[in-house]
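Here's a quick walk through a small set of computed descriptors. Have the viewer open while you read.

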Amino acid sequence: MRTRPPRETIAPKLLPHLAEPIDAYTLAERVGTTFTGCESALRAMHRRGLVRKIVRRKGRQFLAHKWVRV
């Protein structure tokens, strides 16, 4: 059975930008990565308890959620 080599992660690049709540699209632009990669990394960090997702609603519509460091 083969083991995969550890993957490079963008989490260290994202954490310094998460002092204030920020949406994933803006964060991806600041770090210089794709939105999909940024969103995926944020979800993984959320599962590990490193970041928190802030969801707000205006009327009956959800606004873009933001992420912040725990």
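Of the 70 residues in this protein, 27% count as buried; keep in mind that the model is a predicted one. The accessible surface adds up to about 5800 Å², and carbon and sulfur atoms own 51% of that. If you put a box around the C-alpha atoms along the principal axes, you get roughly 55 × 25 × 20 Å.

As for the fold, there are 3 helices and 4 strands. Reading from the N terminus, the order goes α-α-α-β-β-β-β. Take the contacts between residues at least 6 apart in sequence: 42% of them join residues at least 24 apart.

On the charge side, the protein carries 16 positive and 5 negative side chains. The centres of those two sets sit 8 Å apart.

Now for the rings. How many aromatic pairs does the structure hold? The count is 1. The partners are Tyr25 and Phe35, with ring centres 6.5 Å apart and planes at 50°, so the pair is tilted; the tilted class covers plane angles that are neither under 30 degrees nor over 60. The pair links distant parts of the chain, as the two residues are 10 apart and sit in separate helices, α2 and α3. Here's where each ring lives:

| Ring | Helix | Helix residues |
|---|---|---|
| Tyr25 | α2 | residues 24-31 |
| Phe35 | α3 | residues 35-47 |

Is Phe35 buried, partly exposed or exposed? Its relative accessibility is 41%, so Phe35 counts as partly exposed: that value falls between the 20% and 50% cut-offs.

How values were computed:
Residues are numbered from 1 along each chain as its sequence is written. This is a predicted model: local features need pLDDT of at least 70, side-chain atom pairs count only at pLDDT 80 or more; totals for chains, interfaces and linings use all residues. Side-chain values use heavy atoms; hydrogens and water are left out. Rings of Phe, Tyr and Trp (its six-membered ring) pair if their centres lie within 6.5 Å; planes under 30 degrees apart count as stacked, over 60 as edge-to-face and the rest as tilted. Buried means under 20% relative accessible area, exposed over 50%, partly exposed in between (1.4 Å probe, protein chains only). Contact means heavy atoms within 4.5 Å. Accessible areas come from the Shrake-Rupley method with a 1.4 Å probe; for residues, only the protein chains shown count as cover. Lys and Arg count as positive and Asp and Glu as negative; His and the chain ends are not counted. The place of a charge is taken as NZ of Lys, CZ of Arg, CG of Asp or CD of Glu.
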